[in-house]
Amino acid sequence: QVQLVESGGGLVHSGGSLRLSCAASGRTFSNYHMGWFRQAPGKEREFVAAISRSSGITNYADSVKGRFTVSRDNGKSTAYLQMSSLKPEDAAVYYCAASRVWAKYEYWGQGTQVTVSS
């Protein structure tokens with residue numbers, strides 16, 4: 001089992017920045033690819049970004065390319081999502097997820113709320 005805990009959400013003005021963290025425990029963090037997803041009220045959960053085990057591969061949704069950066073620190077068992085130039089449409093609950101197989105997520109965090117005021 002992998003336990004994931006997100007933090008760093010909050011209220012930010014449009015154009016502002018936030019950095020989300022996802023702290024992992026329970027298994028060797030470097031064995032897992034990590035992903036970020038979000039879900040806004042009344043909408044389905046959507047993919048935001050992903051990073052491979054060794055940070056060699058990253059992937060982003062078109063809606064966040066150039067504004068969000070995914071990273072990880074395997075020594076700290078933590079993944080990050082740096083969000084810049086935030087827009088009201090970025091407001092959602094953000095979740096991190098872990099997978100041993102790329103894009104097949106097995107473990108999920110509880111989510112952290114991001115609110116963007118216009």
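**Close-up views of a predicted model**

**View A. Ser-85 is partly exposed, with a relative accessible area of 41%.** The structure shown in this and the following views is a predicted model. Ser-85 sits in the loop that runs between S8 and S9. Its phi is near 50 degrees, which is a positive value in a residue other than glycine. The relative accessible area of 41% for Ser-85 falls between the 20% limit for buried and the 50% limit for exposed, so the residue is classed as partly exposed.

**View B. Ser-55 is another non-glycine residue with a positive phi, here about 70 degrees.** Ser-55 belongs to the loop between S5 and strand S6, the latter covering residues 58-60. Its relative accessibility is 34%, and Ser-55 therefore counts as partly exposed.

**View C. A disulfide links Cys-22 and Cys-96, with an S to S distance of 2.0 Å.** The count of disulfides in the model is one. The angle about the S-S bond is 60 degrees, and the link of Cys-22 and Cys-96 is right-handed. Cys-22 lies in strand S3 (residues 18-25) and Cys-96 in strand S9 (residues 92-99), so the disulfide ties together parts that are 74 residues apart in sequence. A disulfide is a covalent bond between the sulfur atoms of two cysteines. Cys-22 is at 0% relative accessibility and therefore counts as buried; Cys-96 is also at 0% and counts as buried.

**View D. Strand S8, residues 78-83, is paired with S3 and with S7.** S3 and S8 run antiparallel and are joined by six bridges. Within this pairing, Leu-20 has Leu-81 of S8 as its bridge partner. Strand S7 (residues 68-73) also pairs with S8 in the antiparallel sense, over six bridges. Here Arg-72 stands opposite Ala-79 of S8. S7 and S8 form a hairpin with four residues between the strands, and Ser-77 in this hairpin takes a positive phi near 55 degrees. S8 is mostly covered, as five of its six residues are buried.

**View E. Leu-81 is among the residues with the most contacts inside the largest nonpolar core.** This core has 31 residues, and the others with the most contacts inside it are Leu-4, Met-34, Trp-36, Met-83 and Tyr-94. Two or more residues are given to the core by S3, strand S4 (33-39), strand S5 (46-51), S7, S8, S9 and strand S11 (112-117). In soluble globular proteins, nonpolar side chains tend to be buried together. When neighbours within four places in sequence are left aside, the contacts of Leu-81 include Leu-18, Arg-19 and Leu-20, as well as Phe-68, Thr-69 and Val-70. Trp-36, Val-48, Ala-49 and Tyr-94 are also in contact with Leu-81.

**View F. Arg-27 is placed in the loop between S3 and S4.** The relative accessible area of Arg-27 is 51%, and over 50% counts as exposed, so this residue is exposed. Which residues does Arg-27 contact, leaving aside its neighbours within four places in sequence? They are Gln-1, Val-2 and Tyr-32. Val-2 and Arg-27 are 25 residues apart along the chain, and their C-alpha atoms are separated by 5.7 Å.

Methods:
Residues are numbered from 1 along each chain as its sequence is written. This is a predicted model: local features need pLDDT of at least 70, side-chain atom pairs count only at pLDDT 80 or more; totals for chains, interfaces and linings use all residues. Side-chain values use heavy atoms; hydrogens and water are left out. A disulfide is a pair of cysteine sulfur atoms within 2.5 Å. Buried means under 20% relative accessible area, exposed over 50%, partly exposed in between (1.4 Å probe, protein chains only). Two strands pair if DSSP finds at least two bridges between them. A nonpolar core is a set of buried Ala, Val, Leu, Ile, Met, Phe, Trp, Tyr and Cys residues joined through side-chain atoms within 4.5 Å. Contact means heavy atoms within 4.5 Å.
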